[in-house]
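Please examine the structure shown below together with its sequence. The report that follows describes the sheet, its turns and the largest pocket.

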Amino acid sequence: MACDPLSYSGVDSSKWECAKEVVRSEYGITIESDHGEATERGFTLEWSYDANAEQLQIQCTKKPFVVPCGMVNGRIEDAAGKCGITAS
């Protein structure tokens, strides 16, 4: 079951670079493009970053059944917050 997508505005290139580093170091997912999908330890994330509009959307599309979406999205929010990214 997919979790609700999370949308962020005001994400400049430095915040995007920070977010990619936090996701890599904390969750082992390497983001190498502005649009994509990656799976690690049973979790699949999809993302789309529009540099011109400074918009970022992230969604967990697959996860272990026992892990609630609230926990998954909370972790995404925490990671975003480390880079000064707040929900739009």
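## The hairpin of β3 and β4

In this predicted model, β3 and β4 form a hairpin with four residues between them, and Glu54, in the turn, has a positive phi of about 55°. Most residues other than glycine have a negative phi. Glu54 is not a glycine, although its phi is positive. How exposed is Glu54? With a relative accessible area of 31%, Glu54 is partly exposed, because this class lies between the limits of 20% and 50%.

The two strands of this hairpin run antiparallel and are joined by seven bridges. Within the pairing, Glu46 stands opposite Gln59 of β4.

## The hairpin of β2 and β3

A further hairpin is made by β2 and β3, with two residues between the strands. Arg41 belongs to the loop between β2 and β3. The phi of Arg41 is near 50°, a positive value in a residue other than glycine. Is Arg41 buried or exposed? Its relative accessibility is 60%, so Arg41 counts as exposed; the cut-off for this class is over 50%.

The pairing of β2 with β3 is antiparallel and extends over six bridges. Here Thr39 stands opposite Thr44, a residue of β3.

## The sheet as a whole

Strands of a sheet pair through backbone hydrogen bonds, either parallel or antiparallel. In what order do the four strands of this open sheet stand? The order is β1-β4-β3-β2, and the pairing is antiparallel. The edges are taken by β1 (6-9) and β2 (35-40). Each of these strands has a single partner, so one side of each is left without a neighbour in the sheet. From one strand to the next, the twist averages 15°.

## The edge strand β1 and the helix α2

β1 pairs with β4 in the antiparallel sense, over four bridges. In this pairing, the bridge partner of Leu6 is Ile58 in β4. The two faces of β1 can also be told apart: Leu6 and Tyr8 make up the covered face, whereas Ser7 and Ser9 make up the uncovered one.

A helix also meets the sheet. α2 packs on the sheet and touches β1, β3 and β4. The direction of α2 makes about 15° with that of β1.

## The largest pocket

Rolling a probe the size of a water molecule over the atoms shows where empty space is left. The largest pocket in the model has a volume of about 460 Å³. Which elements give two or more residues to the lining of this pocket? They are α1 (13-27), β3 (43-50), β4 (55-62) and α2 (69-81). Of the elements, α2 gives the most to the lining, with six residues. The helix that packs on the sheet is therefore also the element that gives the most to the lining of the largest pocket.

In total, 22 residues line the largest pocket. Those that lie nearest its centre are Tyr27, Ile29, Leu45, Arg75 and Ile76. By character, the lining residues divide into 19 nonpolar and three charged, with no polar residues.

Conventions. Residues are numbered from 1 along each chain as its sequence is written. This is a predicted model: local features need pLDDT of at least 70, side-chain atom pairs count only at pLDDT 80 or more; totals for chains, interfaces and linings use all residues. Side-chain values use heavy atoms; hydrogens and water are left out. On a 1 Å grid over the protein atoms alone, a cavity is a set of points where a 1.4 Å probe fits but cannot get out, and a pocket is an open set with protein on both sides within 12 Å along at least five of seven lines; lining residues have an atom within 4 Å of a point. Grid points are joined across faces, edges and corners, and a volume is the space filled by probe spheres set on the points. Ala, Val, Leu, Ile, Met, Phe, Trp, Tyr, Cys and Pro count as nonpolar, Asp, Glu, Lys and Arg as charged, and the others, Gly among them, as polar. Two strands pair if DSSP finds at least two bridges between them. Axes are lines fitted to C-alpha atoms, for helices over the stretch in contact, and angles run from 0 to 180 degrees between N-to-C directions. Contact means heavy atoms within 4.5 Å. Buried means under 20% relative accessible area, exposed over 50%, partly exposed in between (1.4 Å probe, protein chains only).
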